[in-house]
Amino acid sequence: MDETTRGALRRSLGTRGRFWLLVGTLAAGLLAAVALVAAAAPADRTFAAVSDTAQSLMSVLTPLFGILLVRDRRRASDAVGVVPTVLAVLLPAIVVGVAGVLICAATVALTPAAVADEPWRHAGTVAVGSVLVQVVAGLVGTGLGLLLRSTVIAFLATIVLPLGLFGLLGAVDSLRPAQPWLTPFGSVRHLLSGEMSVLRWVQWLCVLLIWGVGLNALGAVALRRRGRPDRAVAAPAR
């Protein structure tokens, strides 16, 4: 691993701002998990149901780690490649995913209320799916961060574009089957339910290729077409 990648990895969680962003993301997941367990019927108090709510909420904030890493790249005094930036977002995404798994598991295990007959059904698949959900979310952040110079606009786009496409496809009956193939949210519901099949894993791979690989490749192409390194000398990110 070269020094550029190591530096990007350190910045991904190593600043005060990123630390508090991580704390806020996990706190949101914890509150969502506790609220669901408190309000849900016993049949809905399962690891999969809690993970669906908590991980989905945290995935709204995870792209911000990628957007901030791209902002670091622009502010660097030396040119920083796109690949180290994209790789670095995997660290906070995995941390959020794994911590979210532990939060959801503890919430279900420690609740004093009655739970479903099989609260841990598909727990292994849900745990893996939770991490994969956050990885795609982080990659969406770097992709849109590369394409859009404004941090605020890029963050809003990580919410509006995926959900907007999901809604548009859902509004037309003939296009609704395309949701799990083309939108992260359509794939997330399957991953966090734990009820995966070969077809559903292929659908997730399509989503990864579109929103993870394709979006970042498009961002890299956009940078090259600008004809100059996308950077500006500025103070380090906080």
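**View 1. The largest pocket in this predicted model has a volume of about 340 Å³.** All the views here show a predicted structure, so keep that in mind as you look around. Twenty residues, written as 20 in the count, line the largest pocket. Lying nearest its centre are Ser59, Thr158, Pro162, Pro184 and Phe185. Several helices chip in: H3 (47–61), H7 (123–147), H8 (151–170), H10 (184–193) and H11 each give at least two residues to the lining. How do you find a space like this in the first place? Rolling a probe the size of a water molecule over the atoms shows where empty space is left.

**View 2. Helix H10 is mostly covered.** Let's zoom in on one of the helices from the pocket lining. Seven of the ten residues in H10 are buried. Here's the roll call: Pro184, Gly186, Ser187, Val188, His190, Leu191 and Leu192. Which helices do these buried residues pack against? They pack against H3, H7, H8, helix H9 (179–182) and H11. Pro184 is worth a second look, as it is buried in H10 and is also among the residues nearest the centre of the largest pocket. Just after H10 comes Gly194, which takes a positive phi of about 80°.

**View 3. Val133 sits in helix H7 and touches residues of H10.** Is Val133 buried or exposed? It has 5% relative accessibility, so it counts as buried. Not counting residues up to four places away in sequence, Val133 touches Ser59, Val188, Leu191 and Leu192. Three of those names may ring a bell: Val188, Leu191 and Leu192 are among the buried residues of H10. Ser59 is familiar too, as one of the residues nearest the centre of the largest pocket. For a sense of scale, pick out Thr111: Val133 and Thr111 are 22 residues apart in sequence and 25 Å apart in space, C-alpha to C-alpha.

**View 4. Gln203 is a buried residue in helix H11.** Helix H11 covers residues 198–225. The relative accessibility of Gln203 is 6%, which means it counts as buried, the cut-off being under 20%. What is Gln203 in contact with, once neighbours within four places in sequence are left aside? The list is Pro180, Trp181 and His190. You've already met His190, one of the buried residues in H10.

**View 5. Arg11, Arg18 and Asp72 are linked in a network of salt bridges.** Start with Asp72 and Arg11, which form a salt bridge with their closest N and O atoms 3.6 Å apart. This pair links distant parts of the chain, with Asp72 in helix H4 (residues 63–75), Arg11 in helix H1 (residues 3–14), and their positions 61 residues apart. Now look at Arg18, which forms a salt bridge with Asp72, with 3.0 Å between the closest N and O atoms. That pair links distant parts of the chain as well: Arg18 is in helix H2, Asp72 is in helix H4, and they are 54 residues apart. How covered up are the three partners? Arg18 is buried, with a relative accessible area of 1%, and Asp72 counts as buried at 6%. Arg11, at 30%, is partly exposed.

**View 6. Arg176 and Asp173 meet in a salt bridge.** How many salt bridges does the structure hold? There are three, and this one has an N to O distance of 2.9 Å. Asp173 has 59% relative accessibility, so it counts as exposed, the cut-off being over 50%. Arg176 is partly exposed, with a relative accessible area of 36%.

**View 7. Phe19, Trp20 and Val23 form a nonpolar patch on the surface.** Together, these three residues have about 310 Å² of accessible area. Val23 lies in helix H2, which runs over residues 16–39. With 32% relative accessibility, Val23 counts as partly exposed. Arg18, from the salt-bridge network, is in helix H2 too.

**View 8. His122 has a positive phi although it is not a glycine.** The phi of His122 is about 60°. Why give that a view of its own? Most residues other than glycine have a negative phi. You'll find His122 in the loop between helix H6 (90–110) and H7. Its relative accessible area is 30%, so His122 is partly exposed.

Terms used
Residues are numbered from 1 along each chain as its sequence is written. This is a predicted model: local features need pLDDT of at least 70, side-chain atom pairs count only at pLDDT 80 or more; totals for chains, interfaces and linings use all residues. Side-chain values use heavy atoms; hydrogens and water are left out. Helices (H or I, at least four residues) and strands (E, at least two) are DSSP runs, numbered from the N terminus. Buried means under 20% relative accessible area, exposed over 50%, partly exposed in between (1.4 Å probe, protein chains only). Contact means heavy atoms within 4.5 Å. Patches are made of residues with over 30% relative accessible area and no salt bridge: like charges are joined within 9 Å, nonpolar side chains (Val, Leu, Ile, Met, Phe, Trp, Tyr) within 5 Å. Accessible areas come from the Shrake-Rupley method with a 1.4 Å probe; for residues, only the protein chains shown count as cover. A salt bridge is a side-chain nitrogen of Lys or Arg within 4 Å of a carboxyl oxygen of Asp or Glu. On a 1 Å grid over the protein atoms alone, a cavity is a set of points where a 1.4 Å probe fits but cannot get out, and a pocket is an open set with protein on both sides within 12 Å along at least five of seven lines; lining residues have an atom within 4 Å of a point. Grid points are joined across faces, edges and corners, and a volume is the space filled by probe spheres set on the points.
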